[in-house]
Amino acid sequence: DFSFTPPGRNHLFVPGPVNIHDSVLRAMDRPSLNHRDPWFNAFFKDILEESKMIFKTKEGTTFIFPGTGTGGWEAALTNTLSPGDKVVTFRYGQFSHLWVDMMERLGLDVIVVDRPWGEGADEAKLAEILKADTKKEIKAVAVVHNETTTGVTSDIGQCRQVMDQADHPALLLVDGVSSIGALDFRMDEWGVDVAVTGSQKALSLPTGLAVVAASPKALAARKSAKSKRCYYDFEDMLKTNPGGNVPYTPSIPLLYGLRESLALLKSEGFENVIKRHHRLAEGTRRAVAGWGLKLLCKEPRWNSDSLTVIETPEGIDSGEIVKAAYTRYNLSIGVGLSKVAGKVFRIGHLGNSDEVMMLGAIAGTEMALLDAGVNIEPGSGVKEAIKYWQSTSKVIPTRG
Ligand code: PLP
């Protein structure tokens, strides 16, 4: 029913799509422009170059595909692998599950390591599998960095170490859809071969772009990779992008938005962006502790700084909390997906966000928890978050 628009605003705290900065909205507000006119080349080349920042890559090549994170997965797999190739991967949530499904549908021979939901990549198990692969038949290790179903961030650096210790030549393919641009992601240092994100996550843009980075090793692999590919073929991009051209019509508003979003992250200082995500996440986790509730994430080393996933007490349907938040307070928080539907809810804190915004989300969630019959003390979460944020906040650089 669109006959009534509530006053105020929709308070958006799902782990993607996320809040779009006003200056990004303004930057996207453009008439249509011709991408075949000469202005486009320098504009596009600059965006490809600037986008390397969020991957922390100098050696990698970035690609901006119209599409979403899922399209980025397809690009990562089809450009580097052939049907029948062995791939090892972990499944610990709905997104890692869907990636396995795609791998299987593309005809890859997938070795799935199932993990309890709430846990991350098991490096010891990976070491065991790679060591046993004496003929080096495994062609890729595929890992979801931040599992958005469970609020678990796996340790990609450790996965790389294990691969190096086993002296294994497999490619390392990483889904960074809900991490890249928010968390510390070190493509070159970790030897990641293809990394993928989507515009509606940490980049805080509308949905519609898959931003992908590929290492020189991944680009070399495409020459022998026999998977069928067309729209997401690196080749067509590599033929055109160096001259600042594209193989098909780009979304000009989204590219203007991406340029502005990258400029905002750069002006904040990308290391500060990472620290901000940690602070917002830590305050949110303290609020959860203040409520007396538990995280789904089973070990602090896997705590996600992109989103917090909270278990609801026995007998409470988490969907009721999410419903109360939306219907009574115009607050959007995330439902539990698949296996954890009804059992958890999710609060996103990635992308364009700050302490006061998060306090709104936490306060609104408290009201929704009370509405759903969860026995919490009003203000108990807000209080803990305030204590943490007030005592750790710094003066905004330009306002000192
Ligand atoms: N991978 C992760 C970790 C995600 O969180 C998502 C979406 O939420 C996806 C992949 C799929 O991305 P998209 O919906 O942009 O295709």
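# Exercises on a predicted two-domain model

The protein has a mean pLDDT of 97, and 100% of its residues reach 70 or more. The model is predicted, with scores of ipTM 0.99 and pTM 0.98.

## Exercise 1. The two domains

Task: State how the domain assignment divides the protein, and describe the side of domain 1 that touches domain 2.

Solution.

1. The assignment gives domain 1 as 11–18 + 269–399 and domain 2 as 22–266.
2. Between the C-alpha centres of domain 1 and domain 2 there are 27 Å.
3. In the contact between them, 28 residues belong to domain 1 and 26 residues to domain 2.
4. On the domain 1 side, α11 (270–291) and β12 (307–311) each contribute at least two residues. The most come from α11, with 4 residues.
5. By class, this side of domain 1 comprises 15 nonpolar, 9 polar and 4 charged residues.

## Exercise 2. The largest nonpolar core

Task: Determine which residues of the largest nonpolar core touch the most other members, and explain where this core lies with respect to the domains.

Solution.

1. The core has 115 residues, and those that touch the most other members are Val141, Val143, Cys159, Ala195 and Val212.
2. Both domain 1 and domain 2 give residues to the core, so it lies between them.
3. Consider one of these residues, Ala195. With residues up to four places away in sequence left out, Ala195 touches Phe55, Val174, Gly176, Ile180, Phe185, Met187 and Ala213.

## Exercise 3. The surroundings of the ligand

Task: List the residues around the ligand and sort the shell by class.

Solution.

1. Around the ligand are Gly16, Thr68, Gly69, Thr70, Phe95, Val144, Asn146, Thr148, Asp175, Val177, Ser178 and Gly198.
2. The shell divides into 3 nonpolar, 8 polar and 1 charged residues.
3. Two residues of the shell recur below: Gly69, which is among the buried residues of α4, and Gly16, which takes part in a cis peptide bond.

## Exercise 4. Helix α4

Task: Decide whether helix α4 (residues 69–78) is largely enclosed or not, and identify what its buried residues pack against.

Solution.

1. The buried residues of α4 are Gly69, Gly72, Trp73, Glu74, Ala75, Ala76, Leu77 and Thr78.
2. These make up 8 of the 10 residues of α4, so the helix is largely enclosed by the rest of the structure.
3. The packing partners of the buried residues are β2 (61–66), α5 (94–105), β8 (171–175), β9 (194–198) and β10 (209–214).

## Exercise 5. Two buried residues

Task: Locate valine 24 and leucine 296, and give the contacts of valine 24 and of leucine 296.

Solution.

1. Valine 24 belongs to helix α1 (residues 22–28). It counts as buried because 23 C-beta neighbours lie inside 10 Å, the threshold being 20 or more.
2. Apart from residues up to four places away in sequence, valine 24 touches Ser204, Leu205, Gly257, Glu260 and Ser261.
3. Valine 24 and arginine 105 are 81 residues apart along the chain, and 37 Å separate their C-alpha atoms.
4. Leucine 296 sits in the loop between β11 (294–295) and β12. Its 25 C-beta neighbours inside 10 Å make leucine 296 buried.
5. Beyond its neighbours within four places in sequence, leucine 296 is in contact with Gly118, Thr150, Gly151, Val309, Glu311, Val340 and Val344.
6. From leucine 296 to tryptophan 117 the C-alpha to C-alpha distance is 7.9 Å, while the two are 179 residues apart in sequence.

## Exercise 6. Backbone geometry

Task: Which peptide bond is cis, and are aspartate 167 and serine 204 buried or exposed?

Solution.

1. Most residues other than glycine have a negative phi, and most peptide bonds are trans.
2. The bond joining glycine 16 and proline 17 is cis, with omega about 0°. Proline 17 is located in the loop between β1 (11–12) and α1.
3. Aspartate 167, although not a glycine, has a positive phi of about 50°. This residue is in the loop between α7 (156–165) and β8. Aspartate 167 counts as exposed because it has 9 C-beta neighbours inside 10 Å, where the limit is 12 or fewer.
4. Serine 204 also is not a glycine and has a positive phi, of about 55°. Its place is the loop between β9 and β10. With 25 C-beta neighbours inside 10 Å, serine 204 counts as buried.
5. Serine 204 is moreover one of the residues that valine 24 touches.

Definitions and conventions. Residues are numbered from 1 along each chain as its sequence is written. This is a predicted model: local features need pLDDT of at least 70, side-chain atom pairs count only at pLDDT 80 or more; totals for chains, interfaces and linings use all residues. A residue is near a molecule or strand if its C-beta atom, placed from the backbone, lies within 6 Å of it. Ala, Val, Leu, Ile, Met, Phe, Trp, Tyr, Cys and Pro count as nonpolar, Asp, Glu, Lys and Arg as charged, and the others, Gly among them, as polar. A nonpolar core is a set of buried Ala, Val, Leu, Ile, Met, Phe, Trp, Tyr and Cys residues joined through C-beta atoms within 7 Å. Domain bounds come from an automatic or database domain assignment. Two residues are in contact if their C-beta atoms, placed from the backbone, lie within 7 Å. pLDDT is the predictor's confidence in each residue, from 0 to 100.
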